[in-house]
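These are my notes on a sheet and on a nucleic acid contact surface. The entries follow the order in which I looked things up.

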There are 2 protein chains.
Amino acid sequence: MNKYDLIVQDIKQDISLGTYPAYSRLPSVAQLCQQYEVSKITINKALEVLEQQGLIFRRKGSGTFVKKLEEGTQIRPSKEVSGQMEGFMAEHTARGERVKSIVYTFEVQHPSEYIAKALDISPEDFVYRIVRVRIVDDVSQVIEYTYMPIGLIPNLKMKHLEHSIYAYIENTLELRIANAHRVIRAVMPTTLEAERLSITPNEPLLEVEQIGYIDDGRAFEYSVARHAHGYEFMTISMH
Amino acid sequence: MNKYDLIVQDIKQDISLGTYPAYSRLPSVAQLCQQYEVSKITINKALEVLEQQGLIFRRKGSGTFVKKLEEGTQIRPSKEVSGQMEGFMAEHTARGERVKSIVYTFEVQHPSEYIAKALDISPEDFVYRIVRVRIVDDVSQVIEYTYMPIGLIPNLKMKHLEHSIYAYIENTLELRIANAHRVIRAVMPTTLEAERLSITPNEPLLEVEQIGYIDDGRAFEYSVARHAHGYEFMTISMH
DNA sequence: AAGTGGTCTAGACCACTTC
DNA sequence: AAGTGGTCTAGACCACTTC
């Protein structure tokens, strides 16, 4: 673990315990350097992470302050702001929820031109096509259409789909998932989707189209997830 | 302008001109240090920015590589990944589009308890309540419900609403907008909204609920924007 | 004038990949 | 063994705010 990550965790804890209450000033960078026995750059990196997670704000010449948290915001011990890249399973089981999956489709086919482009492969390569509904605490939450190149993700089995594909990729294949590009839209469900999600056909869905990348830059996943039941996507943006 | 920002701009240009094509390796950090006559930390910071914008990826022990851009992705010369915090007006006029606003409501009132909490003010303070429809190239794109504390944003006038509130805040009031917390959902329009947006009542909208902050940590804006016509919200997340 | 955070340097050491 | 990016140090200088 890096020094700055440890400092991030420590300051996070101090904020969540109320040692540093909302609007209070953190010790100055110089003081934090002394306290943690590190150099200025290490403190700076830690504060940068905390700022990007929306927990503090920094004012040149003035100091670093604890942000007032909005109602219902939880300080996460993990690195993620809103649990984006952990995978569906990890995110929900971490909250103590029961997750099930119904797999409607699991086949291998040639990708459409659009998907081939997104994954940066040839239309003559093969991809898995997976259709799953994810069920959290007995409520159908989301229907996912996932495409993955078999060349990159070999030997994918039904049992992985029923649990976590991400765990298979990271633990068994030992690939490191790096980041994802997402496009978010509002859509209406098709008749089939409404049926599979047990919703009325006039409930809008939040569609998240995603291309996931591993750390060597290759796209390992193109997916479209359509979330029901007022699913919320949270994000923090810097000016 | 910082050194690293200049390097970011320069490398961006080299990528968009094809000097560094997709999948090619950038010069090593050491080489870039020589080339730009800066230290390693400066190059690192520049590459960090480019990575967060999704233009490159870095592999320890291996090098820094140009990412394959998805179809339709534009490299922006500005700092923003997806133009989140520039304000609606600036974002669209930058693209050469004509932007108009219809102001339906412009009044001062006490905030609801929920909005008072979001803005971290008392329910006895006053806020502007603004309802606007934004029209881009003669198409109604979005209806916005905006609440701002009059204590923080004094003397707001109709002419600002018709153009850019952000410009008024940054240029006239000289407040610096720092960041925003957003929650995104899919919703259906009300009958009134469908009318004002000139859409059918069964077209889903992308709702973006936002709290905007200035650089001293105070919330200057609570707003709910409901976007029509398949508006897309784009984001990049790191693992 | 004193304190603050932001940027930057020259250099060190490390884990990792193999250009 | 050589090259790579990532982290970290001790210290400098700067713009900014006034703790």
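Entry 1, the sheet. I traced an open sheet of seven strands in this predicted model. The order I noted is β9(A)-β6(B)-β7(B)-β8(B)-β5(B)-β4(B)-β3(B), with antiparallel pairing. I then looked at the edges: β9 (233-238) of chain A and β3 (99-109) of chain B stand there, each with a single partner strand, so one side of each has no neighbour in the sheet. For the turn between neighbouring strands I recorded an average of 15°, direction ignored.

Entry 2, the edge strand of chain B. I followed β3(B) to β4 (residues 127-136) of chain B and found ten bridges joining the two, which run antiparallel. For B:Lys100 I noted B:Ile135 as the bridge partner in β4(B).

Entry 3, the surface near DNA strand C. Which residues come nearest to DNA strand C? Of the 26 around it, I listed A:Val29, A:Lys40, B:Lys3, B:Ser39 and B:Thr42. By class, I recorded five nonpolar, ten polar and eleven charged residues on this surface. Of the DNA strand C atoms within 4 Å of the protein, 63% belong to sugar or phosphate, and the rest belong to bases.

Entry 4, individual contacts. I found a side-chain N or O atom of A:Thr64 at 3.4 Å from a phosphate oxygen of DNA strand C. For the side chain of B:Asn2 I likewise noted an N or O atom 3.4 Å from a phosphate oxygen of this strand. At B:Gly61, a backbone N or O atom lies 2.9 Å from a base nitrogen of DNA strand C. The elements giving two or more residues to this surface are α3 (40-52), β1 (56-59) and β2 (63-66) of chain A, with α1 (3-16) and α3 (40-52) of chain B.

Terms used. Residues are numbered from 1 along each chain as its sequence is written. Chains are lettered from A and ligands numbered from 1 in the order in which they are written. This is a predicted model: local features need pLDDT of at least 70, side-chain atom pairs count only at pLDDT 80 or more; totals for chains, interfaces and linings use all residues. Side-chain values use heavy atoms; hydrogens and water are left out. Two strands pair if DSSP finds at least two bridges between them. Helices (H or I, at least four residues) and strands (E, at least two) are DSSP runs, numbered from the N terminus. Axes are lines fitted to C-alpha atoms, for helices over the stretch in contact, and angles run from 0 to 180 degrees between N-to-C directions. A residue is near a molecule or strand if one of its heavy atoms lies within 4 Å of it. A polar contact is a pair of N or O atoms within 3.5 Å; within protein, one must be able to donate a hydrogen and the other to accept it, and residues adjacent in sequence count only if both atoms are side-chain atoms. Ala, Val, Leu, Ile, Met, Phe, Trp, Tyr, Cys and Pro count as nonpolar, Asp, Glu, Lys and Arg as charged, and the others, Gly among them, as polar.
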